[in-house]
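Student: Please take a close look at the start of the chain in this model. Then work outward to the other sites worth inspecting, with the cut-offs stated.

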Amino acid sequence: MDKDAIYKSMEGAGTSDYEKYLDTKTLFSAQKPFSEFCNRDELQFQIVHQVEELWMKLMAYTLLDIDDYIKARNTNRVITLFQRVHMLMRLLTEQLTVLETMSPKEYQEIRLQLGNGSGQESPGFRTLLKMPNPIWKSFENAYLKQDNLTVENIYNSEYTHSDAYMVAECLTEFDELFQKFRYHHIQLVHRSIGMDAKSLKGRSVELLKDGLSTRFFPELWRIRNEMTDSWGGTYGTVRDSITGH
């Protein structure tokens with residue numbers, strides 16, 4: 001097979017309306033030239049990370065819309081857009097498995113091309129970390145304070161599967177999916193380069209580990225503990241066995 005012809009075909013001519021609209025010339029120029037790759041896996045390494053940045057850009061853009069619709073109490077739009085965000089979070093996590101097709105040796109060769117670069121420097125990731133707190137404040141103002149409600153009310157004492165509850169569950173799912181992404185990311189690090197190597201001792205690894213214990217919306221997780229403890233007050237910390245009933 002003529003590799004040069006295939007490489008040229010991959011780049012396209014950039015002249016069709018489709019190519020112009022997507023600006024494929026610029027898009028394909030974002031990867032290193034084929035002749036400059038350190039090994040045959042570097043293209044997929046670059047593309048996976050570039051695609052992740054694009055998904056995170058779309059996610060952050062969508063979360064801005066969600067924040068506006070929360071303030072307007074447009075619950076249907078909030079739920080629909082959170083479905084999109086949740087899909088994007090699953091895509092982010094699933095795409096990490098592509099990187100698992102590299103051997104540790106090939107990964108080490110690519111790492112040398114990164115300098116001191118780290119995923120903690122991702123602009124998309126760092127932007128997403130800033131967004132949950134203001135979104136939570138918007139939720140509190142629009143769905144709780146405005147109706148004189150608390151998280152306990154909507155989940156327990158005044159539970160009606162209300163709009164406030166539905167939006168709270170969307171926030172919970174986003175929080176859960178983000179944690180799953182973090183977990184799979186750290187497992188990828190374990191698998192590809194290890195977490196206990198001397199060259200990895202530093203702030204980036206500690207941030208990865210700390211992230212696994214961080215919740216965006218602790219109030220929504222705390223209420224579950226409180227409800228279980230409260231229900232347990234009727235039977236103690238251990239329920240009776242159903243054996244013999």
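Tutor: Met-1 sits in the segment before helix H1 (3–11), where helices are DSSP runs of H or I of at least four residues, strands are runs of E of at least two, and both are numbered from the N terminus. This is a predicted model, in which local features need pLDDT of at least 70 and side-chain atom pairs count only at pLDDT 80 or more, while totals for chains, interfaces and linings use all residues. Residues are numbered from 1 along each chain as its sequence is written, and side-chain values use heavy atoms, with hydrogens and water left out.

Met-1 has a relative accessible area of 90% and is therefore exposed (exposed is over 50%, buried under 20%, partly exposed in between, with a 1.4 Å probe and protein chains only). Together with Ile-6 and Met-10, Met-1 forms a nonpolar surface patch of about 370 Å² of accessible area. A patch takes residues with over 30% relative accessible area and no salt bridge, joining like charges within 9 Å and nonpolar side chains (Val, Leu, Ile, Met, Phe, Trp, Tyr) within 5 Å. Areas come from the Shrake-Rupley method with a 1.4 Å probe, and for residues only the protein chains shown count as cover.

Beyond the N terminus, the chain has 12 helices and zero strands. Of its 245 residues, 36% are buried, and it exposes about 15,400 Å², of which carbon and sulfur atoms supply 54%. Contacts (heavy atoms within 4.5 Å) between residues at least 6 apart in sequence join residues at least 24 apart in 72% of cases.

One buried acid is Asp-175, found in helix H10 (residues 163–192). Asp-175 has no salt bridge, the term for a side-chain nitrogen of Lys or Arg within 4 Å of a carboxyl oxygen of Asp or Glu. The nearest side chain of opposite charge to Asp-175 is that of Arg-215, 4.5 Å away (Lys and Arg count as positive, Asp and Glu as negative; His and the chain ends are not counted). The Asp-175 side chain instead reaches the backbone nitrogen of Phe-217, at 2.9 Å. Leaving aside residues up to four places away in sequence, Asp-175 touches Arg-215, Phe-216, Phe-217 and Trp-221.

A second buried acid, Asp-41, is in the loop between helix H3 (24–29) and H4, and is classed as buried because its relative accessibility is 17%. Its C-alpha atom is 7.1 Å from that of Glu-106, a residue 65 places away along the chain. With residues up to four places away in sequence left out, Asp-41 touches Met-102, Glu-106 and Ile-110.

Side chains of opposite charge can pair when their charged atoms come close. Eight salt bridges are counted here. In one of them, Asp-147 meets Arg-73 at 3.0 Å, N to O. This pair links distant parts of the chain, 74 residues apart: Asp-147 is in the loop between helix H8 (132–144) and helix H9 (151–157), and Arg-73 is in the loop between helix H4 (42–71) and helix H5 (75–99). Asp-147 is partly exposed at 38%, and Arg-73 is partly exposed at 31%.

Another salt bridge joins Arg-191 and Glu-100 at 3.4 Å, N to O. Here too distant parts are linked, with Arg-191 in helix H10 and Glu-100 in the loop between H5 and helix H6 (104–111), 91 residues apart. Arg-191 is exposed at 54%, whereas Glu-100 is partly exposed at 28%.

A salt bridge within helix H6 pairs Glu-109 with Lys-105, their closest N and O atoms being 2.9 Å apart. About one helical turn separates Glu-109 from Lys-105, because they are four residues apart in that helix. Glu-109 is partly exposed at 26%, and Lys-105 is exposed at 59%.

Two backbone angles remain. Asn-148, in the loop between H8 and H9, has a phi near 55 degrees, which is positive in a residue other than glycine. Asn-148 is exposed, at 70% relative accessible area. His-161, in the loop between H9 and H10, also has a positive phi, of about 60 degrees, although not a glycine. At 43% relative accessibility, His-161 is partly exposed.

Conventions
A polar contact is a pair of N or O atoms within 3.5 Å; within protein, one must be able to donate a hydrogen and the other to accept it, and residues adjacent in sequence count only if both atoms are side-chain atoms.
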